[in-house]
Amino acid sequence: MVGTIDEKMGVLQSKFTKVRIVRDVSSCTSLSNSKFKIMDLRAGIDERLTEIDETSSAVLKYRTPHFRAYAEVEVPPLSQHEVWQIGWIQACDHMDFVNTYGDEGSTSWEFPELTSGKQKMISDSDGKHYPWYGPKTEVKTIHGPTSEFETAQLSMSDNFFPQVTWSIPISLSRTARLTNVKRNQSFYVWLVAKNLIANKIYILKTIRWEMSLEIVVDPTKSLGERAKLIGPFKQKQPVILNKQVKIPVCALHAPNANSGQTLIWRNADEENITVVPPKKRVIQCPSDCLICC
């Protein structure tokens, strides 16, 4: 096997950036008389702190460590009419993302489909290449006929890099009022094989991961001295599950997380005001949606 774990997962090897790897090598998975063998499967979160950026007078920025996953899947010889895709699908099933502005109120980024209970998860696709997390290193398409075994090498990474306004977003005042940022978000990632002819998705492996953080802010201090990370200083590492988790059908379609989220302001009187509406609303999945096995 060529290359180290860190090289394959695109992680810089240095004393500042380390990644802890959860590794799983699975036996063959039978799919319609074919066998897709997982030769290598790794997942980890960089062992570094969330970085805080106070260079902007308008917003607080932060950048979390990266979640990374890497897989090698052996694909057997295919017949003339077979077309398969091997790749990553990711969906979010939980998000608490609250920004507090002292006693005046707070903002919360939410997924209406999740908070209402209408959906268990929401797609975290790039929004253009459903159901895949991305179109490059995240998925590989293999067309038959092929006469030899092929190895699909797949990788993906994810992290948070948002902007939070120092001032109350519904106020005309630009005075800093932000006092706390708290976020906890969890995901499922599936390594899957998709039969394009039969329009079916087969789950090869399921990964569970989450990211959390809390930042306290003193808005009375000068820019560059306001924010402080209070935890966690070490993220929970991903878990490669022994049992597969079925993919909810609507986690394969629009809206995705970026277009489906909304920002809500809640004041001290618990009055809710929509600051940023979702870009796309839920579309009921048709009866011929992809079947997950």
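Let me start with one side chain: that of Gln-235 reaches the backbone oxygen of Ser-212 at 2.8 Å, and I should say at once that what we are looking at is a predicted model. Gln-235 sits in the loop between β15 (227-231) and β16 (239-240), and with a relative accessibility of 9% it counts as buried. If we set aside the neighbours within four places in sequence, the residues in contact with Gln-235 are Ile-45, Thr-50, Pro-65, Glu-210, Met-211 and Ser-212, so the partner of the polar contact appears in this list too, since the side chain of Gln-235 reaches the backbone oxygen of Ser-212, and the threshold for being called buried, under 20% relative accessible area, is met by the 9% of Gln-235.

That same loop, between β15 and β16, also holds Pro-232, and here there is a backbone detail to note, because the bond joining Gly-231 and Pro-232 is a cis peptide bond, with omega at about -10°. A second cis peptide bond runs from Ala-254 to Pro-255, with omega near 0°, and Pro-255 has its place in the loop between β16 and α3. While we are on backbone geometry, Asn-199 has a positive phi, near 60°, in a residue other than glycine. Asn-199 belongs to the loop between β13 and β14 (200-217), and at 32% relative accessibility it counts as partly exposed.

Let me step back to the chain as a whole. There are three helices and 19 strands, and of the 293 residues, 50% are buried. As for how the chain comes together, if we take the contacts with a separation of 6 or more, residues 24 or more positions apart account for 72% of them.

Thr-165, in strand β12, gives one example of residues that are far apart in sequence. Thr-165 and Ser-57 are separated by 108 residues in sequence, and their C-alpha atoms are 9.0 Å apart in space. Beyond its neighbours within four places in sequence, Thr-165 is in contact with Ala-58, Val-59, Tyr-101 and Leu-178. Its side chain also has a polar atom that lies 2.9 Å from the backbone oxygen of Ser-167. Is Thr-165 buried, or is it partly exposed? The relative accessibility of Thr-165 is 28%, so it counts as partly exposed.

Now to the charged pairs. Side chains of opposite charge can pair when their charged atoms come close. How many salt bridges does the structure hold? It holds six, and I will go through some of them.

In one of them, Arg-42 pairs with Asp-40, and the closest N and O atoms are 2.3 Å apart. Both of these residues, Arg-42 and Asp-40, are buried.

Another salt bridge joins the side chains of Asp-46 and Arg-68, at 3.0 Å from N to O. Asp-46 lies in the loop between β3 (34-45) and β4 (51-53), whereas Arg-68 lies in strand β6 (residues 67-75), so this pair ties together parts that are 22 residues apart in sequence. Asp-46 and Arg-68 are both buried as well.

Glu-104 and Arg-177 form a further salt bridge, in which the closest N and O atoms are 3.2 Å apart. This pair links distant parts of the chain, with Glu-104 in the loop between β7 and β8 (105-110) and Arg-177 in the loop between β12 (163-165) and β13, 73 residues apart. Here the accessibility values put both partners in an intermediate class: Glu-104, at 39% relative accessibility, counts as partly exposed, and Arg-177, at 34%, counts as partly exposed too.

The last topic is the empty space. Rolling a probe the size of a water molecule over the atoms shows where empty space is left. In this model, the largest pocket holds about 400 Å³ of space. Its lining is made up of 20 residues, and the closest to the centre of the pocket are Asp-124, Asn-159, Phe-160, Arg-183 and Asn-258. Which elements give two or more residues to that lining? They are β7 (83-100), β13 (180-195) and α3 (257-260), and the largest share, three residues, comes from β13. Sorted by class, the lining has 10 nonpolar, six polar and four charged residues.

Key: Residues numbered from 1 in each chain as written. Predicted model: local features only at pLDDT ≥ 70, side-chain atom pairs only at ≥ 80, totals over all residues. Heavy atoms only, no water. 1 Å grid on protein atoms, 1.4 Å probe; cavity = no way out; pocket = protein on both sides within 12 Å on 5 of 7 lines; lining within 4 Å. Points joined across faces, edges and corners; volume = space filled by probe spheres on them. Helix = DSSP H or I, 4+ residues; strand = E, 2+ residues; numbered from the N terminus. Nonpolar A, V, L, I, M, F, W, Y, C, P; charged D, E, K, R; others polar. Salt bridge = Lys/Arg side-chain N within 4 Å of Asp/Glu carboxyl O. Buried < 20%, exposed > 50% of the residue type's maximum accessible area, 1.4 Å probe, protein only. Polar contact = N/O pair within 3.5 Å; in protein donor to acceptor, adjacent residues only side chain to side chain. Contact = heavy atoms within 4.5 Å.
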